[in-house]
Amino acid sequence: MSRFALLFFATAISCARAPASDARSTTVEPSVATLTATATPTPTSTSTPTSTSTSTSTSTPTSDPGKDGKDGKDFLAEARVLFRVAACGPSGEIPPRFDAAVVARHCEELARAYDEYKKNWVDVAMPFLASLRPKDLPRVVVYPFGGGDLVSALATFPDATEITTVSLEPAGDVRPVDTMAADRLGHELAVHRGHLERLFEKAHSRTDNLEKESKTEMPGEIVFALAALVVHGFEPTSLRYFRLGPDGAIAYVTQADIDAVARKPRELRPLFENVEIGFRASSSPDAGGASGPPRVLRHIGYNLDDDHLKADGALLAHLNSKGKVVAMTKAATHLLWSDHFSLIRGWLIDHAVWMVSDSTGLPPRFAEPAGFVQETYGTFDGPAAFGTPAARDGDALRRLFASQPQRPLVFRYGYPDSHGHAHLVVTYRK
C-alpha cells in the first residue's frame, strides 16, 4: 500500500535492490482527500467494501495452525494475532501479555484512518474501476513493484482469487509476535499505524516506509496485507512461507527447514522472503458471517531488473505457469520505461490481457506494436519526478492523453503527473 530516495538507473542496476517506488522527488503530492473533494465520479456501477469492526469475536480457522509437512508450516496463529492486534481485524484474540488498553487506543485511531480512506478512496475508486472492467476477466492478478499494496489490488480486482505481488521487500518473519516484549507493543503499533496512514493518504506504498517496516519486530509487509483484508472485509485462513524452485514450482518452508538454520541468521532470513496468505470473506458476526471462496495472496521478495531475472529464472518460470492474467502497476518509479527492466515488461506484454496503471505502466512505444489499446483517464502533462523517466516515453504518453477525449478521474491511482493531476491508463488487447 502505501504509499523515498530517488535512485538513478546506475544505482538501480548496480545494487541488489531496485526501488518499488521512489521518494526523493521535489513533486508535492496532493492527498487523496484533496482530489476526491473536487468532483463526483461518473460511473454508475457500485461495489461497496464490507465494513470493519474491532470486535474481539473469533472464528474457526480453515487450517490447522500447527500443520507442517509438504504444505509447510502454517503460521495462522501468529497471523491472527497480528490481524487482531496490529491490523485491528474483527477476529482473533489479544494475547494476555499485551495491554488491551494499548490495543484499543491503537484500533480506535486506526479505525478512523480506515473510515477516512474508505470514504475518500475505496468508495470512490471501486465503483469507477468496476465500470471499466470487462466481464469474464481472468481472476489471477500479477502486480509487479506491488509490495505493501494488497489494498489497491483488491479494490481494482475484487473478484480475484489469486494475487501475486512482487517487490524488493521481503515478507518478514511473523514469529517475533510470540516473544515481543509487552512494553514494545505501543511503539510497534504506532510505527505501523503511521505508515498505514501515509499509505492511505498517498494511495500507494512508499519504499522508504516499507524499508522502515522491515526493521520492526512486527513484519511490515504482512501487517500491510492484513490491514488490506480488514479494509475489504476479509480474514486470514493460513500463512505459509515458500521458495521457488528452478522450474518456478512452490516449495513450502517447513519447521525442519527453519530448525536446520535456526542459528544461522544469513540462511534463516531468506526462508521468510516469500509469503502465501490464504484469506476469505470475514466470518465474524459483524461481517454477516460470510465466508466465500478461498483466495490467496502470494508476495514474492525479488529484484525485477534484467540482471537478476537472467541470473535466476525461477520467478519468470513461476509467472509463466499462470497463463493469461490481469495486471496492475502503479508508483513503480517508471521502471517499466527502462531497458534494464525489459524482461518483466516483456512478460506483461505476453501474458496480461487487461492492465490498469498510472504513468508507470507499459509505455505506448511497446504497447501499440504488441497489439494493445490504451485508454486514458484524467490529465497527464508529463511524468512526475519519480525515478528517471525517459523523455521520449513521457512525450508519447502525453500525446496519447491529448489524442483521446477528456475522461474525468477524481481519485489518485498511484503517482500524480508533473502538475499533480490524477491520471490512469487502461491497457488491453484489441
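This note comments on a disulfide, a helix pair and two residues with unusual backbone angles in a predicted model.

1. The disulfide. The structure contains one disulfide. Its partners are Cys-88 and Cys-107, with an S to S distance of 2.1 Å. The bond connects distant parts of the chain, the two cysteines being 19 residues apart. Cys-88 sits in the loop between α3 (76-85) and α4 (100-132), whereas Cys-107 belongs to helix α4 itself.

2. Geometry and setting of the disulfide. The torsion about the S-S bond of Cys-88 and Cys-107 is about -90 degrees, and the disulfide is therefore left-handed. As for solvent exposure, Cys-88 and Cys-107 are both buried.

3. Packing of α3 on α8. Helix α3, which precedes the loop that carries Cys-88, packs with helix α8 (residues 220-231). The angle between these two helices is about 65 degrees, and their axes are 9 Å apart. Because of that angle, which falls in the range of 65 to 115 degrees, α3 is classed as roughly perpendicular to α8. As the value is about 65 degrees and the range begins at 65, the reader may wish to keep both the number and the class in view. The crossing of α3 past α8 is right-handed.

4. Residues of the helix contact. From α3, the contact is made by Ala-79, Leu-82 and Phe-83. From α8, the participants are Ile-222, Val-223, Leu-226, Leu-229 and Val-230. By class, the residues of the contact of α3 with α8 comprise eight nonpolar, no polar and no charged.

5. Phe-145. Most residues other than glycine have a negative phi. Phe-145 is not a glycine, yet its phi is positive, at about 60 degrees. This residue is located in the loop between β1 (140-144) and α5 (150-156). Its relative accessible area is 6%, under the 20% limit, so Phe-145 counts as buried.

6. Thr-333. A positive phi is also found at Thr-333, at about 45 degrees, although this residue is not a glycine. Thr-333 lies in the loop between β7 (325-329) and α13 (342-351). With a relative accessible area of 1%, Thr-333 is buried.

7. Points to inspect. For the backbone, the places to view are Phe-145, with phi of about 60 degrees, and Thr-333, with phi of about 45 degrees. For the side chains, they are the Cys-88 to Cys-107 disulfide and the contact of α3 with α8, including Phe-83 and Leu-226.

Key
Residues numbered from 1 in each chain as written. Predicted model: local features only at pLDDT ≥ 70, side-chain atom pairs only at ≥ 80, totals over all residues. Heavy atoms only, no water. Disulfide = S-S within 2.5 Å. Helix = DSSP H or I, 4+ residues; strand = E, 2+ residues; numbered from the N terminus. Buried < 20%, exposed > 50% of the residue type's maximum accessible area, 1.4 Å probe, protein only. Axes fitted to C-alpha atoms, helices over the stretch in contact; angles between N-to-C directions. Parallel < 35°, antiparallel > 145°, perpendicular 65-115°, else oblique. Left-handed = near helix turned anticlockwise from the far one by under 90°. Contact = heavy atoms within 4.5 Å. Nonpolar A, V, L, I, M, F, W, Y, C, P; charged D, E, K, R; others polar.
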